[in-house]
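Reader: I'm new to this one. Could you show it to me and let me ask how the labels come about?

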Amino acid sequence: YVRFHLISPLIQQSAENIVLFDTFVNILSHNLGEPAYEADVAQLEYKLLAGEYGLIIRVKGFNHKLPLLFQLIIDYLSDFSFTPAVFEMITEQLKKTYFNILIKPETLAKDVRLLILEHGRWSMIDKYQTLMRGLSIEALSSFVRAFKSQLFVEGLVQGNFTS
């Protein structure tokens, strides 16, 4: 089991940065779909999560091939690229995801409660309005460059691994 948290102070600076970060993580997951398929067949699991303060990378499975999967994820992260069609598809999916959160009373109540309790938190309404105003491909590209330049990494490795 390997878990790395790539933390960046950039994410929480604005609602736009949070939306750009969500877009980035979704595109990265989309890009990894085909190359990581063989790892999935070999019973290796991976998950990319857009955490509140950064990207969480989780991989688990048999230890002799796990570093290859982790390296694949890091390679796609470092050489991040996307097409305008993928960008459009992911932003449309995010619009639906945010809207579905807003129309469910229990998730909206949770969001409002956390907005009251946590300093510097951006509401789902802020994120949805930012996304509806529109994002540019250039904004995403510049956000990804800035994100990769301001990273702090925390890691945890458990299991049959040597130091």
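Author: Sure, here are a few labels and what lies behind them.
This is a predicted model, so local features need pLDDT of at least 70 and side-chain atom pairs count only at pLDDT 80 or more, while totals for chains, interfaces and linings use all residues. Residues are numbered from 1 along each chain as its sequence is written, and side-chain values use heavy atoms, with hydrogens and water left out.

Reader: Why is Gln-43 called exposed?

Author: Exposed means over 50% relative accessible area, buried under 20%, partly exposed in between (1.4 Å probe, protein chains only). Gln-43 comes out at 56%, so it counts as exposed. It also has a positive phi of about 65° although it isn't a glycine.

Reader: What is the span of α4 set against?

Author: The expected span is 1.5 Å times one less than the number of residues. With 20 residues, α4 reaches 29 Å from first C-alpha to last, close to the expected 28 Å. Helices here are DSSP runs (H or I, at least four residues), numbered from the N terminus.

Reader: How do you know that the buried residues of α4 line one face?

Author: Those residues are Val-86, Phe-87, Ile-90, Thr-91, Leu-94, Tyr-98 and Leu-102. Seen down the axis, they fall within an arc of 135°, so they line one face. The arc is taken from the directions from the helix axis to the C-beta atoms. The face turned away carries exposed Ala-85, Lys-96 and Ile-103.

Reader: What do the buried residues of α4 pack against?

Author: They pack against α1, α5, α6 and α7, where contact means heavy atoms within 4.5 Å.

Notes: Helices (H or I, at least four residues) and strands (E, at least two) are DSSP runs, numbered from the N terminus.
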